[in-house]
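Please open the structure in your viewer and keep the selection tool at hand. This tour proceeds by selections, and each stop states what is to be found there.

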Amino acid sequence: MILRRLIFGLLLQPMAALGQTLEECQQAAEQNYPLIRQYGLIEKTTALTVSNIQKGWLPQVSASAQATYQSDVVSWPDEMKGMLGQLGVDFEGLKKDQYKVGLDVQQTVFDGGAIRSQKEIARQQSEVQSAQNEVHIYNVRKRVNEMYFGLLLIDEQIKLKQDLQELLGSNEKKLASMYKNGTAAESDYLNVKAERLNVVQQVTSLQSQRLTLIRMLSTFCGIEVKEAIKPIAVTESPSMGQRPELRAIDAQLRLADAQEKALHAALMPKLGVFAQGYYGYPGYNMFEDMMRHQWSWNGMVGARLSWNIGALYTRKNDKAKIQLQRETAETNRDVFLFNNNLEQMQQNENIERYRRLMADDEEIISLRSSIRKAAESKLSHGIIDVNDLVKEINNENAARVQQSMHEIQMLKEMYDLKFTTNQ
């Protein structure tokens with residue numbers, strides 16, 4: 001992961017001086033987002049879980065030690081003791097204190113698919129976690145879009161304000177010359193100068209906002225973003241790629257299938273072999289132990305078939321719960337697709353609205369420019385006062401700002417639609 005980020009950073013360095021594209025910022029932000037490390041953690045956790053489950057096929061060894069004192073033990077009947085006593089044989093019987101130190105080894109031969117189903121559940125749970133993680137990382141793109149297009153909008157505003165500043169400066173010089181020649185009042189000159197200084201303050205404020213946004217975007221992407229490059233207009237596609245949210249729902253459905261198979265495995269019989277051995281008293285030869293109170297080695301091997309039908313008691317409810325999980329996932333899919341379609345409709349309508357607005361922007365700017373030039377001519381001939389000129393200059397600048405905003409907002413809607421459809 002570290003190597004991949006290093007290579008990605010080296011690839012971006014030659015482009016740093018020219019600025020970063022939207023796609024480059026999105027890719028850098030995804031690689032820089034802390035949740036990207038979650039993928040490796042999920043994989044490692046799943047590998048450990050599956051490995052532990054697989055060890056269910058290994059022999060299960062348990063050691064035990066016990067010491068007991070019983071209220072009664074197996075003994076000879078009194079008549080038998082009497083007869084044996086007459087023959088000179090003394091049977092003391094078993095002692096009430098008994099001791100064992102033993103080892104028990106069990107090996108599963110057939111488990112009805114229980115271990116296999118448990119491993120499949122672990123893998124599907126990992127897929128669900130990875131898909132949900134992908135949803136969070138995919139949403140990083142939208143946050144980058146907000147900051148990136150916000151930066152583009154501020155850059156356009158700064159550029160237009162600087163153009164306005166130059167235009168006001170040009171008229172300020174004209175009025176300064178007219179004032180010296182006595183053809184203009186000092187207040188007219190000072191009015192235009194004050195308006196220019198007001199624009200200078202606006203540029204300073206916008207540059208401060210730009211610096212803040214640059215820092216936020218750079219921190220979010222993990223690279224130094226110097227300038228945003230205006231992206232090209234994209235043609236929206238009616239088809240939709242598979243969003244991570246839909247892949248997460250598919251993973252939940254596959255998990256439900258794996259859980260249902262585990263219910264079937266729980267009903268299957270289990271076959272295993274075992275070996276038991278212990279050192280203690282009494283042993284398996286009880287008659288010998290009645291005569292000699294000595295510890296002995298004892299052992300047993302065998303096979304065991306077990307069938308636990310207790311799973312039948314809850315099987316119906318368990319299957320119903322799994323079915324509810326499926327229905328919930330399908331409902332979530334329908335809700336997501338419904339909201340996604342509504343979002344696409346709104347974004348498509350916004351794109352068309354901005355296109356219609358932009359169709360008239362150029363003509364409005366041309367008209368405002370002609371009116372402003374006429375006002376400059378009228379002012380030089382004393383037909384209008386300076387307030388009328390400043391008004392027309394601001395109107396022309398407002399038209400240019402409006403055109404720029406319409407273009408950037410349309411581009412933003414296009415790339416938001418691209419995010420919505422995962423194109």
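The stops below visit a sheet, a pair of packed helices, the nonpolar cores and several individual residues. Please bear in mind throughout that this is a predicted model.

**Stop 1: the sheet**

Select β1 (60-69), β2 (residues 97-110), β3 (270-281) and β4 (296-306). These four strands form an open sheet in the order β1-β2-β3-β4, and their pairing is antiparallel. Which strands lie at the edges? The edge strands are β1 and β4, each of which pairs on one side only. From one strand to the next, the twist averages 20°.

Now restrict the view to β1 and β2, which pair in the antiparallel sense over 10 bridges. Two residue pairs may be picked out here: Gln66 has Lys100 in β2 as its bridge partner, and Tyr69 stands opposite Asp97 in β2. Next, show β2 together with β3. How many bridges join β2 to β3? There are 11 bridges, and the two strands run antiparallel. Within this pairing, Val105 has Ala275 in β3 as its bridge partner. While viewing these strands, recall that in a regular strand the side chains alternate between the two faces of the sheet.

**Stop 2: a cis peptide bond**

Select Tyr281 and Pro282. A cis peptide bond joins Tyr281 to Pro282, with omega at about -5°. Pro282 is found in the loop between β3 and α9 (286-291). Most peptide bonds are trans.

**Stop 3: two packed helices**

Two packed helices are described by the angle between their axes and the distance between the axes. Select α2 (residues 22-32) and α7 (residues 186-221), which pack at an angle of about 55° with their axes 7 Å apart. The angle makes α2 oblique to α7.

Display the side chains where the helices meet: Cys25, Ala28, Ala29 and Asn32 in α2 meet Thr219, Phe220 and Cys221 in α7. The residues of this contact divide into five nonpolar, two polar and no charged. Cys221 deserves a separate selection. Leaving aside its neighbours within four places in sequence, Cys221 is in contact with Cys25, Ala28, Ala29 and Asn32.

Is α2 mostly covered or mostly open? α2 is mostly covered, with eight of its 11 residues buried. The buried residues of α2 are Leu22, Glu24, Cys25, Gln26, Ala28, Ala29, Glu30 and Gln31.

**Stop 4: the loop before α2**

Select Gly19, which lies in the loop between α1 (2-16) and α2. Is Gly19 buried or exposed? Gly19 has 2% relative accessibility and therefore counts as buried. Not counting residues up to four places away in sequence, Gly19 touches Glu24, Glu227 and Ile229.

Add Lys226, in the loop between α7 and α8 (244-266). Lys226 and Gly19 are 207 residues apart in sequence and 5.6 Å apart in space, C-alpha to C-alpha. Lys226 counts as partly exposed because its relative accessibility is 43%. Then add Asn145: Gly19 and Asn145 are 126 residues apart in sequence and 16 Å apart in space, C-alpha to C-alpha.

**Stop 5: the nonpolar cores**

In soluble globular proteins, nonpolar side chains tend to be buried together. The largest nonpolar core of this model has 47 residues. Select Val144, Tyr148, Phe149, Leu175, Leu217 and Cys221, the residues with the most contacts inside this core. α2, α6 (140-181), α7, α10 (311-380) and α11 each supply at least two residues of the core. Which helix supplies the largest share? The largest share, 14 residues, comes from α6. Another core, of nine residues, lies apart from this one, and includes Val128, Ala131, Ala248 and Leu255.

**Stop 6: α11 and the segment after it**

Select His406 in helix α11. At 9% relative accessibility, His406 counts as buried, since buried means under 20%. Not counting residues up to four places away in sequence, His406 touches Tyr354, Leu357, Met358 and Asp361.

Finally, move to Asn422, in the segment after α11 (386-421). Phi of Asn422 is near 55°, a positive value in a residue other than glycine. Most residues other than glycine have a negative phi.

Key: Residues numbered from 1 in each chain as written. Predicted model: local features only at pLDDT ≥ 70, side-chain atom pairs only at ≥ 80, totals over all residues. Heavy atoms only, no water. Axes fitted to C-alpha atoms, helices over the stretch in contact; angles between N-to-C directions. Parallel < 35°, antiparallel > 145°, perpendicular 65-115°, else oblique. Contact = heavy atoms within 4.5 Å. Nonpolar A, V, L, I, M, F, W, Y, C, P; charged D, E, K, R; others polar. Pairing = 2+ DSSP bridges. Core = buried A, V, L, I, M, F, W, Y, C linked by side-chain atoms within 4.5 Å. Buried < 20%, exposed > 50% of the residue type's maximum accessible area, 1.4 Å probe, protein only.
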